[in-house]
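Student: Could you take me closely through one hairpin of this model, and then set it against the rest of the chain?

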Amino acid sequence: MDFFSSLAQIATIKEALARLEALQTITPKIIKALEDAQTYHEGQLRKSGIPYVVHPICVACIVAHYGGDEAMVCAALLHDIVEDTLCEIDYIYETYGDEVGTLVDALTKIVKIRNEEFTSDTNNEKLIAQALSFRKMLIASIEDPKVLVIKICDRMHNMLTLDALSTAKQMRIAEETLVVYAPIAHRLGMSSLKNELEDKSFYYIYSDDYNRIQEEKNVKRQGLEFRLNSFTQKITTLLLNNGFLRNSFEIQSRIKRNYSIHLKMQRKGISMDEMLDLLAVRIIVKNPIDCYRALGIVHINLNPIPSRLKDYIALPKENGYQTIHTTVFDDNAVYEVQIRTYEMHQSAEMGMAAHWKYKSGLSPKLNWLKDMKESSSVSKSAEEFYEITRNELYREDIVVFSPEGKTFSLPVGSVVLDYAYAVHSDIGDMAEKAFVNNQRVSLLQKLKSGDIVKIEKGKVAHTRCTWIDSVKTSKARIHMRTMCHNKIKEIDKKVAVNILTTIFDKEHRFFDDFIKKYALEERIGQAATDLTFLQEVKNDFKKEYHIDNSFFAFVRFKSIVLKEQKFDNLILHTNRNINELIFDHCCHPKFGDSIVAIKNGQRAIVHHKLCDKANEQINQGINQLFVTWAKHTKISFRIIVSFENKQGMIAELLTILAKHRYNIIKVDYDGYKNSFSPACEVIIESDHSDTKTIKKALQKKCRIIKFINLKDAYQE
């Protein structure tokens with residue numbers, strides 16, 4: 001029975017204490033923590049009926065297993081007593097010192113802040129809860145990664161004992177674990193914890209899929225294990241025949257884990273039989289040179305797949321992971337081969353904990369924690385924070401080089417601009433020219449592992465706000481959003497003054513004086529987007545200036561009223577006669593984008609707020625009008641998808657749309673002309689504009705060719 005399975009069976013205090021004693025030297029401070037934990041939790045039971053104190057002792061066992069020091073073991077034993085008993089945090093500081101006190105305090109805060117509410121962009125309560133937990137846990141623990149390790153160990157034991165809870169609580173805890181805790185374990189390099197958390201979560205969230213994969217593995221297990229054993233024996237013989245001694249290496253084998261199989265099937269649209277890494281062996285040797293000797297032996301004697309060779313020893317991952325990955329053919333089967341040293345193996349399984357326990361190997365880089373804190377401070381909502389940070393925590397990496405040979409780890413799909421921001425935020429903001437492998441490329445050129453990237457700065461910022469969706473890293477998005485927020489803020493100030501000058505037909509100097517007199521410098525931009533505030537400023541200006549003007553000017557000012565004029569998807573509020581509203585062809589605002597309206601005679605010309613042409617005119621003080629998008633109860637979308645031509649695919653597509661509450665207006669499908677990959681066009685409507693969720697759901701079943709909002713100003 002493995003470590004986690006045996007831990008899940010512990011039901012008494014005696015068993016828990018015996019397990020902890022086998023894993024950890026019991027110091028006087030740990031004895032005191034055990035006494036306090038039993039005293040304060042006395043009489044408390046878990047849902048299963050087991051004494052509550054068994055839980056913190058088991059958490060301490062996991063912490064000890066992963067190399068936690070005395071302070072971490074004490075904090076694990078005491079992590080619930082401030083929250084769940086009458087014990088005060090001051091007692092922890094006084095009795096155990098600052099280090100244990102700080103850890104327990106941070107762990108307690110993580111629990112307390114779970115119930116705080118933040119602004120929400122959608123009604124997806126599940127996503128909000130996940131993102132909120134994500135955000136606050138990181139902020140609370142940002143100063144010390146030890147807090148993260150203890151909290152992940154706490155969650156691991158909760159997952160081992162989840163059967164005692166209701167189905168609803170099982171689902172909630174499992175979903176949060178999959179979204180929050182497993183990715184953090186991954187970034188800390190603790191792959192064994194990450195794998196356990198993922199598989200346990202997968203079992204509770206998608207039990208049907210889990211059982212289906214498990215059944216298929218069980219049916220094929222004998223054949224798969226025979227192939228693995230045969231291949232393992234072949235590798236052993238090759239190593240022994242080429243200079244390796246029998247006690248100088250170890251070979252492990254495995255069949256891919258259920259959750260990893262599920263992810264690959266969903267992502268690639270393939271069956272279990274089509275996976276190239278379903279079966280794998282791991283060669284563990286004594287030193288790095290032996291890793292390359294073993295790789296050479298494997299490649300000389302078996303046919304490798306060149307595109308699947310990855311050397312993470314020479315170029316380690318950011319979480320400290322070091323292993324050579326290669327894939328080879330043998331007897332009409334494909335096997336993944338991993339090669340690492342014993343030290344690298346400890347580091348890969350235990351991550352940061354291996355460096356505490358064994359004082360060896362590469363330590364995971366923790367820059368991502370700092371980036372998360374920055375993401376938290378700039379994101380406006382929980383969902384936005386979740387979107388920014390999820391790729392940062394759980395991602396496949398590529399490695400690119402600076403011209404000087406410095407390495408940078410970036411998510412797969414990163415562009416040149418991501419690299420520029422990774423080097424320095426100022427280089428990202430001011431990047432003007434880019435060269436990849438000495439060839440001039442766009443700043444939005446996608447990068448691949450091994451690229452050498454050079455950035456040339458300009459004298460002014462060249463980054464465009466429309467590029468935010470093209471970058472992958474949170475650092476790039478954070479800086480670009482901050483820059484764009486400041487840019488829009490400045491534009492709004494100028495637009496507000498231009499609108500006021502148009503309303504009153506007065507020179508700019510009148511409003512400059514008015515703004516200074518009433519200290520509106522920071523607030524005036526609000527008049528460009530908030531009609532109520534614009535009305536207030538208009539009325540205040542009328543009161544300020546009608547006294548010193550002629551009777552006729554007074555009458556004219558008094559009669560100024562902003563009337564609503566509707567033009568299809570747009571609404572103007574102005575005292576001017578406008579007969580026509582048109583979109584210029586220099587920019588392409590979509591329904592819901594920030595826009596401005598420029599007055600040209602009796603016409604209003606609409607631009608995207610960040611349009612260069614519009615900004616030139618705005619800076620010149622051109623006449624402008626207050627414009628907003630009309631509110632629609634229903635928003636229509638046109639979708640074109642392609643999928644495999646097999647029975648039931650259209651029904652599956654329409655079921656997904658109906659499940660996400662989209663009304664289906666039109667379906668156009670012709671599988672006769674292109675039977676291999678037919679295209680299906682669907683027109684749908686909804687009462688919300690957020691399409692991220694439905695796109696993700698559709699991408700699991702088909703390839704999206706087009707997904708456009710029919711209310712966009714410009715169609716194709």
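**The hairpin and its surroundings**

Tutor: Strand β7 (residues 397-401) and strand β8 (residues 407-411) run antiparallel and are joined by 5 bridges, where two strands count as paired if DSSP finds at least two bridges between them, and where strands (E, at least two residues) and helices (H or I, at least four) are DSSP runs numbered from the N terminus. This is a predicted model, in which local features need pLDDT of at least 70 and side-chain atom pairs count only at pLDDT 80 or more, while totals for chains, interfaces and linings use all residues. Residues are numbered from 1 along each chain as its sequence is written, and side-chain values use heavy atoms, with hydrogens and water left out.

Within the hairpin, Ile398 has Leu410 of β8 as its bridge partner. There are 5 residues between the two strands, and Gly405 takes a positive phi near 95° in this hairpin. Strand β7 is mostly covered, with 4 of its 5 residues buried; buried means under 20% relative accessible area, exposed over 50% and partly exposed in between, for a 1.4 Å probe and protein chains only.

Positive phi also occurs at residues other than glycine, including Asp331, where phi is near 50°, and Asp505, where phi is near 55°. Asp331 belongs to the loop between β5 (324-330) and β6 (333-341), and its relative accessible area of 64% makes it exposed. Asp505 sits in the loop between α22 (474-504) and α23 (508-517) and, at 55% relative accessibility, also counts as exposed.

Further along the chain, an open sheet is formed by 3 strands in the order β10-β9-β11, with antiparallel pairing. Its edge strands, each paired on one side only, are β10 (439-441) and β11 (453-457), and neighbouring strands are turned by 35° against each other on average, direction ignored; axes are lines fitted to C-alpha atoms, for helices over the stretch in contact, and angles run from 0 to 180 degrees between N-to-C directions. Strand β9 (residues 431-436) is joined to β11 by 5 bridges, and its Phe435 stands opposite Lys454 in β11. Helix α20 (residues 416-423) lies across β9, β10 and β11, at about 75° to β11.

As for the interior, 51% of the 716 residues of the protein chain count as buried. A nonpolar core is a set of buried Ala, Val, Leu, Ile, Met, Phe, Trp, Tyr and Cys residues joined through side-chain atoms within 4.5 Å, and the largest one here has 103 residues, with Leu77, Ile92, Leu193, Ile235, Leu239 and Ile283 having the most contacts inside it. Apart from it lies another core, of 56 residues, among them Ala420, Val436, Phe510 and Leu534.

Leu193 also takes part in a helix pair: α10 (residues 145-160) and α12 (residues 191-205) pack at about 40°, with their axes 10 Å apart. The two are therefore oblique to each other, a class left over once angles under 35 degrees (roughly parallel), over 145 (roughly antiparallel) and 65 to 115 (roughly perpendicular) are taken out. Their contact (heavy atoms within 4.5 Å) involves residues including Ile152, Met156 and Leu160 of α10 and Leu193, Leu197 and Tyr204 of α12. Lys151, also in α10, counts as buried at 12% relative accessibility.
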